[in-house]
Amino acid sequence: MWWFTSPNIAFGEDSLEQLSAVEGKRVLVVTDPVIRRLGMLDLVVDELKKGPRAIEVFDQVEPEPSFENVEKVATVARGFQPDLIVGLGGGSCIDAAKAAWVLYERPDLKLEAVSPLTKLGLRKKARLVAISTTFTGSDANWVAVLTDKAHNMKLDYFASRELVPDLSILDPRFVLKLPREATAHIGLDALVHGIEPYVNQWRNDFSDALALHSIRMLFEYLPKAFDNPNDLVARQKMQNAATMSGLAAGNAQFGLAHGTGHALGIAFHMSHGLSVAISIPYVIQFSRHAAAERYADIAHVIGIKEESFDEATDRLVERTKDLMVHLKTPLSLREAGISQSGFEQNIDGLVENTGRATVTFVNPRVPDVEEIRKLFVCMYEGKPVDF
Ligand SMILES: [Zn+2]
């Protein structure tokens with residue numbers, strides 16, 4: 001027996017109007033200073049003001065929020081007592097809203113104590129709406145990525161099915177201003193959110209359907225959105241595809257590229273999207289024989305004609321790298337500007353953090369410590385993985 005969990009999703013032009021139809025008299029909006037400066041907070045507040053509501057704003061969410069940052073949001077929530085929380089922004093804002101929502105509803109819990117096995121009993125005080133301004137899929141999944149500064153690690157098991165927002169609003173106005181580099185890196189991360197659940201050990205029929213179609217859409221529309229940032233159709237298609245792959249990954253888990261990606265993020269403060277994007281061609285090469293038919297399916301869905309699993313997967317790796325080159329994204333850690341000495345100083349931490357990431361264990365091929373080390377060396381030098 002298994003579950004598939006999804007928020008209600010309002011998508012397309014003017015879908016923000018659905019926000020004023022949501023019940024809630026006291027609304028806490030959780031966002032960051034950039035979203036405020038870009039005028040997106042005003043759009044949301046104006047929509048909320050169509051009805052008699054008290055509105056409070058927390059606009060100081062940090063990138064990949066720390067426990068301390070989440071605690072600040074929770075303190076505002078305890079003071080204001082919202083019955084509706086709106087996470088507005090990229091993955092960090094939505095994840096901060098999710099985690100603060102838990103602390104607000106369950107003051108007896110500590111963040112590090114939350115895992116998928118914890119019964120939270122949310123929605124006694126408030127409900128959650130997500131308005132994504134990027135392509136992280138956080139609006140559709142039940143995970144929050146938080147930074148535990150005390151232990152210098154990212155908490156990737158802060159997860160519960162109860163954290164899936166009640167409503168995700170995908171209004172294309174909110175992704176039009178995403179800069180080109182962020183579009184490339186976060187768009188590639190969205191692609192990996194389709195690839196990893198399609199091949200991993202927790203895949204299922206529902207996630208398969210969303211994963212494959214999101215991959216097809218992202219290969220088509222990501223380069224268009226990158227080449228012409230004002231292409232509203234391409235942006236809208238990317239937005240939908242990213243939430244679809246977010247649903248796939250949220251319901252079937254991620255894989256090794258997210259294990260290595262989180263480790264790279266900690267070691268080099270590299271963005272999540274870039275670190276996951278650099279990882280994926282190497283992770284496909286490492287995992288290919290454990291899910292050969294699955295990688296061939298992905299290849300065929302993006303129009304690769306080769307029939308044999310091996311040839312199809314070779315072409316898939318090439319097409320992925322071609323896409324990265326098109327998006328001006330580095331193909332190795334060296335190309336990304338990591339020095340040899342910086343890499344050598346961090347390799348032990350990279351191996352350790354990847355080895356203990358929960359996502360590593362659902363990958364089609366689970367690496368041992370030596371294999372993780374060799375994988376990072378290939379990733380640094382840009383050499384194919386052939387072990
Ligand atoms: Zn990701």
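The exercises below, each with a worked solution, concern a predicted model of a zinc-containing protein.

**Exercise 1. Overall dimensions**

Determine how the radius of gyration of the protein relates to the value for a compact globule with 387 residues.

Solution.
- Step 1. For 387 residues, a compact globule would have a radius of gyration near 21 Å.
- Step 2. The protein has 20 Å, which agrees with that value.
- Step 3. The C-alpha trace spans about 60 × 45 × 45 Å along the principal axes of the protein.
- Step 4. Of the 387 residues, 61% are buried. The protein exposes about 15,600 Å², and carbon and sulfur atoms supply 53% of this area.
- Step 5. Among contacts with a separation of 6 or more, 77% join residues 24 or more positions apart.

**Exercise 2. The open sheet**

Establish the strand order of the six-stranded open sheet, identify its edge strands and describe the pairing.

Solution.
- Step 1. The protein contains 13 helices and eight strands. Six strands form an open sheet in the order β1-β8-β5-β4-β2-β3, and the pairing is parallel.
- Step 2. β1 (8-11) and β3 (54-58) each pair on one side only, and they are the edge strands.
- Step 3. On average, neighbouring strands of this sheet are turned by 20 degrees against each other, direction ignored.
- Step 4. At one edge, β1 pairs with β8 (residues 167-170) in the parallel sense over four bridges. Within this pair, Ile9 stands opposite Ser168 of β8.
- Step 5. At the other edge, β2 and β3 run parallel and are joined by five bridges. Here Arg26 stands opposite Ala54 in β3.
- Step 6. Further inside the order, four bridges join the parallel strands β2 and β4, with Val30 opposite Gly87 in β4. The parallel strands β4 and β5 are joined by six bridges, and Ser132 in β5 is the bridge partner of Gly89.

**Exercise 3. Enclosure of β2 and β5**

Explain why β2 and β5 can be described as largely enclosed, and locate the helices that pack against the sheet.

Solution.
- Step 1. A residue counts as buried when its relative accessible area is under 20%.
- Step 2. By this criterion, four of the five residues of β2 are buried, so β2 is largely enclosed by the rest of the structure.
- Step 3. In β5, five of the six residues are buried, and this strand is therefore also largely enclosed by the rest of the structure.
- Step 4. Helix α3 (residues 67-80) packs on the sheet and touches β2 (26-30) and β3; the direction of the helix makes about 165 degrees with that of β3.
- Step 5. Helix α4 (residues 91-105) lies across β2, β4 (84-89) and β5 (127-132), and runs at about 160 degrees to β4.

**Exercise 4. The zinc site**

Identify the donors of the zinc ion and describe their arrangement in sequence.

Solution.
- Step 1. Asp189 coordinates the zinc ion through two OD entries, whereas His193, His258 and His272 each do so through NE2; the distances are 2.1 to 2.7 Å.
- Step 2. The donor residues follow the spacing D-x3-H-x64-H-x13-H.
- Step 3. Asp189 and His193 are separated by about one helical turn, because they are four residues apart in helix α5 (residues 180-199).
- Step 4. Asp189 and His193 are both buried.

**Exercise 5. Two glutamines of helix α7**

Describe the surroundings of Gln239 and Gln236.

Solution.
- Step 1. Gln239 is found in helix α7 (residues 232-252), and Gln236 lies in helix α7 as well.
- Step 2. Gln239 counts as buried because its relative accessibility is 1%.
- Step 3. Leaving aside neighbours within four places in sequence, Gln239 is in contact with Ser132, Phe135, Leu170, Asp171, Pro172 and Val175.
- Step 4. With such neighbours likewise left aside, Gln236 is in contact with Gly12, Glu13 and Pro172.
- Step 5. From C-alpha to C-alpha, Gln236 and Tyr221 are 9.2 Å apart in space, and they are 15 residues apart in sequence.

**Exercise 6. Positive phi values**

Characterise Asp14 and Gln81 by backbone angle, location and accessibility.

Solution.
- Step 1. Most residues other than glycine have a negative phi.
- Step 2. Asp14 has a positive phi near 65 degrees and is placed in the loop between β1 and β2. At 43% relative accessibility, Asp14 counts as partly exposed.
- Step 3. Gln81 has a positive phi of about 55 degrees and lies in the loop between α3 and β4. At 42% relative accessibility, Gln81 counts as partly exposed.

Note on methods
Residues numbered from 1 in each chain as written. Predicted model: local features only at pLDDT ≥ 70, side-chain atom pairs only at ≥ 80, totals over all residues. Heavy atoms only, no water. Donors = N, O, S within 2.8 Å, 3.2 Å for Na, K, Ca; no water. Helix = DSSP H or I, 4+ residues; strand = E, 2+ residues; numbered from the N terminus. Buried < 20%, exposed > 50% of the residue type's maximum accessible area, 1.4 Å probe, protein only. Pairing = 2+ DSSP bridges. Axes fitted to C-alpha atoms, helices over the stretch in contact; angles between N-to-C directions. Contact = heavy atoms within 4.5 Å. Rg over C-alpha atoms; globule rule 2.2 N^0.38 Å. Areas by Shrake-Rupley, 256 points an atom, 1.4 Å probe, with all protein chains shown as cover.
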